[in-house]
Amino acid sequence: MSILKIIEYGNPILREKSKEVTKVSKKIKTLITDMLETMYSANGVGLAAPQVGQNLRIFVIDVSDPEGPIDPQIFVNPKIIKVSGAINSYEGCLSFPKAYTNVRRYSDVMVKALDINGRPFIKEAHNGELLARAIQHEFDHLDGKLFIDHCRNRFETNNVLAKYNLPPVEADKLLNEEELEKSIIEYEKNHPEEAEKLRKEIEDSENQNG
Ligand SMILES: [Zn+2]
């Protein structure tokens, strides 16, 4: 096992579309093991293959309590098959050291993927839980998308990026998410207590990096 170098924002590899894995070979299994070791050593909750310089459709996630036993989840050739709901998510990324910002996400997600043995499985995550946000964040990496493309406030995000010496938001990469934004505002208006509770939980939780 080895710890791999994590690529930082500004490197064009992060903007490439990754290729499907044709076979979960021994080489792929080694890459997955190394990705897990790299993620744990960086205290991240998720890591996608492009972040370690491999444009392959693989990501790993562990949303378990850092004090408890590990619970690695491996996603090879993932496909998001259903999304619903909308939430504000305060996110960071291992490729953006220390920089966190508010982004738009779906609250519920269903994903289909292959495990480390090449066997298909389906995973669901709900109510804006960390797993739901992490799956969307990591899945994006495989399509060359980054969390800042979902930012709710470009100027606020640019200030954060500048503070940590990272390049600014790429305007042509910003996603048009008017409907999602409307749904987040609507949700926060109709459920002020739940929205505040979720916002607080997200902002207080550590290890948001992916
Ligand atoms: Zn990331």
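Trainee: Which residue just after helix 2 takes a positive phi?
Mentor: This is a predicted model, and only confident regions count for local features. Just after helix 2, phi turns positive, at about 75°. The residue is Gly144.

Trainee: Is helix 2 enclosed or in the open?
Mentor: A residue is buried once 20 or more other C-beta atoms lie within 10 Å of its own. In helix 2, 13 of the 13 residues are buried. The helix is therefore largely enclosed by the rest of the structure.

Trainee: What span should helix 2 have, and how far apart are its end C-alpha atoms?
Mentor: Take 1.5 Å a residue. The 13 residues of helix 2 should then span 18 Å. That agrees with the distance between its end C-alpha atoms, 19 Å.

Trainee: Which residues have the most contacts inside the largest nonpolar core?
Mentor: That core has 45 residues. Helix 2, residues 130-142, gives the most to this core, with seven residues. Nonpolar side chains tend to be buried together in soluble globular proteins. The residues with the most contacts inside the core are Met35, Phe59, Val60 and Ile135.

Trainee: Which residues does Ile135 contact, leaving aside neighbours within four places in sequence?
Mentor: Ile135 is among the residues with the most contacts inside the largest nonpolar core. Contact here requires C-beta atoms within 7 Å. Its partners are Ile61, Val109, Val111 and Ala125.

Trainee: Where does Asn127 lie, and is Asn127 buried or exposed?
Mentor: Asn127 sits in the loop between strand 7 (120-125) and helix 2. Its phi is near 55°, a positive value in a residue other than glycine. Within 10 Å there are 11 other C-beta atoms. So Asn127 is exposed.

Trainee: Which loop holds Asn43, and is Asn43 buried or exposed?
Mentor: The loop runs between helix 1 (26-41) and strand 1 (46-48). Phi of Asn43 is also positive, near 55°. Asn43 has 12 C-beta neighbours inside 10 Å, and the exposed class takes 12 or fewer. Asn43 therefore counts as exposed.

Trainee: Is helix 5 enclosed or in the open?
Mentor: Helix 5 covers residues 192-204. Of its 13 residues, the number buried is one. So helix 5 lies largely in the open.

Trainee: How does Ala195 count: buried, partly exposed or exposed?
Mentor: Ala195 is found in helix 5. Not counting residues up to four places away in sequence, Ala195 touches Tyr187 and Glu188. Ala195 has 18 C-beta neighbours inside 10 Å, so it counts as partly exposed.

Trainee: How far apart in space are Ala195 and Asn165?
Mentor: In sequence, Ala195 and Asn165 are 30 residues apart. In space, C-alpha to C-alpha, the distance is 31 Å.

Trainee: In what order do the elements of the chain run?
Mentor: The chain has five helices and seven strands. Reading starts from the N terminus. The order is α-β-β-β-β-β-β-β-α-α-α-α.

Trainee: What radius of gyration does the chain have?
Mentor: For 210 residues, the globule rule gives 17 Å. The chain's value is close to that, so the chain is as compact as a globular protein of that length. Its radius of gyration is 16 Å.

Trainee: What share of contacts with a separation of 6 or more joins residues 24 or more positions apart?
Mentor: Of the 210 residues, 36% count as buried. Among contacts with a separation of 6 or more, the share for residues 24 or more positions apart is 69%.

Technical notes: Residues numbered from 1 in each chain as written. Predicted model: local features only at pLDDT ≥ 70, side-chain atom pairs only at ≥ 80, totals over all residues. Core = buried A, V, L, I, M, F, W, Y, C linked by C-beta atoms within 7 Å. Helix = DSSP H or I, 4+ residues; strand = E, 2+ residues; numbered from the N terminus. Contact = placed C-beta atoms within 7 Å. Rg over C-alpha atoms; globule rule 2.2 N^0.38 Å. Expected span 1.5 Å × (residues − 1).
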